[in-house]
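Please open the model in your viewer and keep the sequence panel beside it, so that each selection can be followed in both places. The tour below goes from stop to stop, naming what to select and what is found there.

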Amino acid sequence: MLQTKIANIKLANCIYNASGPACSSLEELQALGQSAAGAILSKSATLAPRAGNPAPRYVDTPWGSINSMGLPNKGHAYYLAAAKELASFQKPYIVSLSGMSLADNLKMIAEMQEEENIAAIELNLSCPNLPGKPQTAYDFEQTEKVLAAVFAQNNKPLGVKLPPYFDLLHFEQMAQILNQFPLSFVSCINSIGNGLVIDWEKEETLIRPKDGFGGLGGDYIKATALANVRQFYLLLRPEISVVAVGGIKSGQDAFEHILCGAKAVQIGTHLMKTGPSCFAQISAELTAIMQAKGYQSIEDFRGKLKTAAPI
Ligand code: RRO
């Protein structure tokens, strides 16, 4: 009932993890393999391993989470080698890449090409937590340059992880760039960058790096994520799937994102809060909603959000 397809990749379940929480080590990736998640997505990898920012760097809050992890990861070779270990789960394994430069991204993408157990690459153009480094996808010229270079050498299904946009013109400008390339998917949205959550009693920031500024996830960002999913669903070529991420913790949240046009949904903050059992929980809730509404597949309602009739 929850099956879907991204490019030509079949997912038995349209719900899987967001890159970031609980997907850095082989043990965590195997736990995703054992769960009800429809795919396994890795933490964003850099060319060399990174320790990331000093702790505390991720904190759950009643409305979601704030993080400034700073791209801690085990290096791209680790996630490449993990592909063989994860093959037995028989679900797509997607590697997220977030090189510190275009040259690093090109090198990592080149090395991923021959590994048949990597179903796709999610190129992260939107990490908000690297001091001194802007989010690539807020620089439209640079994004076009990166994609031109990437697609000159890539043959795997490849999508991009986008930051949230807030201006209708920006959606159009970014969509116009993305539509020029043979992208398989876009994942929107990354955390809303550079929020500030504070402990008023202690009179201090919740996280330590960057004077407490960090990416927001969870309930704070669902409405922004829905708007980004909807806009890109409407503006991108239909061959480019939209993968939703942002504030999904229930079957209703997943349903809303699919109604806006998402072909799959990723779980970040809620995975961090509740562990890999969240995939079975959200799947059961989404299935119940679909059964109550008489839908047999997500294609029965995907993208079919009604808007108020013109006056
Ligand atoms: O590691 C991080 O600080 C991080 C990354 Br790469 C990202 O893409 N989004 C986020 O919220 N944190």
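Start with the elements that frame the main stop: select strand S6 (64–67), strand S14 (213–218), strand S16 (264–267) and helix H8 (269–274), each of which supplies at least two residues of the lining of the largest pocket. Keep in mind throughout that this is a predicted model. Among the contributors to this lining, H8 gives the most, with four residues.

To find the middle of the largest pocket, select Ser19, Gly20, Pro21, Tyr58 and Asn67, which lie nearest its centre among the 49 residues that line it. The space in this pocket comes to about 750 Å³. If you colour the lining by class, you will count 20 nonpolar, 21 polar and eight charged residues.

Next, show the ligand, which sits in the largest pocket. Around the ligand, select Lys43, Asn67, Met69, Gly70, Leu71, Pro72, Asn124, Cys127, Pro128, Asn129, Asn190 and Ser191, the residues that surround it. By class, this shell has five nonpolar, six polar and one charged residues.

Which residues bring a polar side-chain atom to an oxygen atom of the ligand? Select Asn124, where a polar side-chain atom lies 2.8 Å from a ligand oxygen, and then Ser191, where a polar side-chain atom lies 2.7 Å from an oxygen atom of the ligand. At Leu71, by contrast, turn on the backbone, for it is a polar backbone atom of Leu71 that is 2.8 Å from an oxygen atom of the ligand. On its own the ligand has 320 Å² of accessible area, and the protein covers 92% of this.

Stay with Leu71 for a moment and look at its backbone angles: phi is positive, at about 65°, although Leu71 is not a glycine. This residue, which also belongs to the shell around the ligand, lies in the loop between S6 and helix H2 (76–86).

Two further backbone stops concern cis peptide bonds. Select Ala55 and Pro56, which are joined by a cis peptide bond with omega about -5°; Pro56 has its place in the loop between strand S4 (40–41) and strand S5 (58–61). Then select Cys188 and Ile189, where the peptide bond from Cys188 to Ile189 is cis, with omega near 20°. Ile189 is found in the loop between strand S10 (185–188) and strand S11 (192–196).

Now move to the second largest pocket by selecting Gly99, Met100, Lys133, Pro134 and Thr136, which lie nearest its centre among 20 lining residues. The volume of this pocket is about 330 Å³. Add helix H3 (102–112) and helix H4 (140–151) to the view, since each supplies at least two residues of the lining of the second largest pocket. That lining has eight nonpolar, ten polar and two charged residues.

The last stop is a cavity: how many of 30 Å³ or more does the structure hold? There is one, and the volume of the largest cavity is about 50 Å³. To see its walls, select Ile6, Ile9, Leu11, Tyr16, Ile94, Ala120, Phe185 and Val243, which line it. Coloured by class, the lining of this cavity shows eight nonpolar residues, with no polar and no charged ones.

Key. Residues numbered from 1 in each chain as written. Predicted model: local features only at pLDDT ≥ 70, side-chain atom pairs only at ≥ 80, totals over all residues. Heavy atoms only, no water. 1 Å grid on protein atoms, 1.4 Å probe; cavity = no way out; pocket = protein on both sides within 12 Å on 5 of 7 lines; lining within 4 Å. Points joined across faces, edges and corners; volume = space filled by probe spheres on them. Nonpolar A, V, L, I, M, F, W, Y, C, P; charged D, E, K, R; others polar. Near = heavy atom within 4 Å. Polar contact = N/O pair within 3.5 Å; in protein donor to acceptor, adjacent residues only side chain to side chain. Areas by Shrake-Rupley, 256 points an atom, 1.4 Å probe, with all protein chains shown as cover. Sits in = over half its atoms within 2 Å of the grid points.
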